[in-house]
Amino acid sequence: MAPCFLFLITLTYLTTPPSVAGKQFPPEAKALVAPITKDVFTSLYTVALNTDKKFVLDLAGPLLWFPCPPKHPTVLCNSTACGAAGAFHPPRCPRIVDINKQPCTCTAYPVNPVTATCSSDDLTFTSVTLSSTDGKNPTTAVIVPKVVSSCAPKGLLSSLPAAAVGVAGLARSGLALPSQLFSKLYLKKQFAICLPSSEAAPGAAFFGTEPFYFLAAPPVDVAARLTYTTLLRNPTNPAYYLEVKGLAVNREAVPFLARMLEFDSLGHGGVMISTAAPYTTLTSHIYRPFLKAFAAATKGIPRAPKVKPFGLCLNSTALGTTRVGYGVPQIDVMLAGGRNWTIFGANSLKQVDKDTACLAFVDGGPKAEQVMVIGGYQLENSFLLFDLARSRLGFLSTLLGIMTTCSNFNFTVKA
């Protein structure tokens, strides 16, 4: 008998809490789990909301949004939920005020995380069904009623994966999916993501308490292997920022002014983690010395013609391989407190054809909104735990070093 897989989330429009097979809500779930899939055409990641609906994972998104059916519940203007929806208004999205609308219903402003296009639509409610987990397998289905979300026009899905039906915002905001799950289910205020490196098998998202086991010999609880660093707050948006002190290539510091990595009181600059950026992006003032440093550290390796958008490509037939990817100099993101996020060959070089691998960092230009955005490729097969209660990030920069991957969570339903 083939193993059954419990995939996440069914969406149903409800205005009153359902009966969950006669069980009291909220159930005694300590953690939830969901599969994450990579879309190879867009280099974006989706979380399965059931077997045929996928939502784009957006670490910087403050809302869950999707196109609504014509008939859907709405939220009143003077509600707490409406206030939370307006906490991080998109700067390029004009506010819509209809003083003649009675009753006054709330307008939300969903944003496409790739194009930054915004729209205005109704704030609404939905229910979501996720799987609880013991940290080793999915266990039982958990229905969460009246999750506040936003409607959106279908056109806002442009440039997202073809299979995507909406966006799941995971940012540090009151209406992001993690915040609502924490408050409704009384979960520990932390969530984790582990992005897969291919479409062949899913990675995993966790909401709530550890452990987080991945198949290895023996199975390993990655929660016990994490290094922690501070998460910074940006006054203008709910994304996740790191306190970075510098970059190093082959253990040598890249020469640039460290204060360039800070953001100012207006929220400009800073180092952000993003699942919407396919590769790590650096402002030109940092990218140029970084590229020069990596080129110098790999001067003995034959070059290959550059492939856009990358600035340096190597002849991969001349590269040795290791457990953590191609044997090239390591890149260290130097964090506050003397800790490093180390990027090895599997996350620093992108195979673009049979004989060519390129440095998977891109030039964001001299006026990039953030000086550094750590993109999805550098996050693949890394485990990231966002501890919102303590405003810190726990990370294991690569699971490859402990002989496992993000695709090794066992999604077989525990009997």
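Is E380 buried or exposed? In the predicted model examined here, E380 has a relative accessibility of 4% and, because this value falls under the 20% limit, the residue counts as buried. E380 is placed in the loop that connects helix α5 (376-379) with strand β29 (383-387). Beyond the residues up to four places away in sequence, E380 touches K38, Y45, L195, P196, S197 and N347. One of these partners, K38, is separated from E380 by 342 residues in sequence, yet the two C-alpha atoms are 9.7 Å apart in space.

The setting for this loop residue is a protein chain with five helices and 30 strands. The C-alpha trace of the chain spans about 70 × 55 × 40 Å along its principal axes. A compact globule of 415 residues would be expected to have a radius of gyration near 22 Å, and the 22 Å found for the protein chain therefore agrees with that expectation. Of the 415 residues, 53% count as buried, and the accessible surface of the chain comes to about 18200 Å², with 56% of this area belonging to carbon and sulfur atoms. When contacts between residues at least 6 apart in sequence are considered, 72% of them join residues at least 24 apart. As to charge, the chain carries 35 positive and 22 negative charges, and the mean positions of the two sets are 2 Å apart.

Two of the residues touched by E380, namely Y45 and P196, also appear among the contacts of T37, which touches L44, Y45, T46, K54, P196 and P202 when residues up to four places away in sequence are not counted. T37 belongs to strand β2, which covers residues 31-39. With a relative accessibility of 18%, T37 counts as buried, because the limit for that class is 20%.

Two further strand residues, S150 and F214, were examined in the same manner. S150 lies in β8, a strand formed by residues 138-151, and counts as buried because its relative accessibility is 0%. Its contacts, leaving aside neighbours within four places in sequence, include L63, L64, W65 and F66, together with A108 and P110 and with D122, L123 and T124. F214 is found in strand β12, residues 213-214, and its relative accessibility of 0% means that F214, too, counts as buried. With neighbours within four places in sequence again set aside, F214 is in contact with C194, F206, P219, V220 and V222, and also with F383, L399, T404, T405, C406, N408 and F409. L63, one of the residues in contact with S150, is 151 residues from F214 in sequence and 29 Å from it in space, C-alpha to C-alpha.

Among the helices, α3 comprises the 14 residues 284-297, which at 1.5 Å a residue should span 20 Å; the C-alpha atoms at its ends are 20 Å apart, so the helix agrees with the expected span. An α-helix has 3.6 residues a turn, so residues three or four places apart point the same way. In α3, the buried residues are S284, I286, Y287, P289, F290, L291 and F294. These buried residues pack against six strands of the chain, namely β16 (244-249), β19 (280-282), β23 (331-335), β25 (349-353), β26 (356-359) and β27 (361-363).

Notes:
Residues are numbered from 1 along each chain as its sequence is written. This is a predicted model: local features need pLDDT of at least 70, side-chain atom pairs count only at pLDDT 80 or more; totals for chains, interfaces and linings use all residues. Side-chain values use heavy atoms; hydrogens and water are left out. Helices (H or I, at least four residues) and strands (E, at least two) are DSSP runs, numbered from the N terminus. The radius of gyration is taken over C-alpha atoms; the globule rule is 2.2 Å times the number of residues to the power 0.38. Buried means under 20% relative accessible area, exposed over 50%, partly exposed in between (1.4 Å probe, protein chains only). Contact means heavy atoms within 4.5 Å. Accessible areas come from the Shrake-Rupley method with a 1.4 Å probe; for residues, only the protein chains shown count as cover. Lys and Arg count as positive and Asp and Glu as negative; His and the chain ends are not counted. The place of a charge is taken as NZ of Lys, CZ of Arg, CG of Asp or CD of Glu. The expected span of a helix is 1.5 Å times one less than its number of residues.
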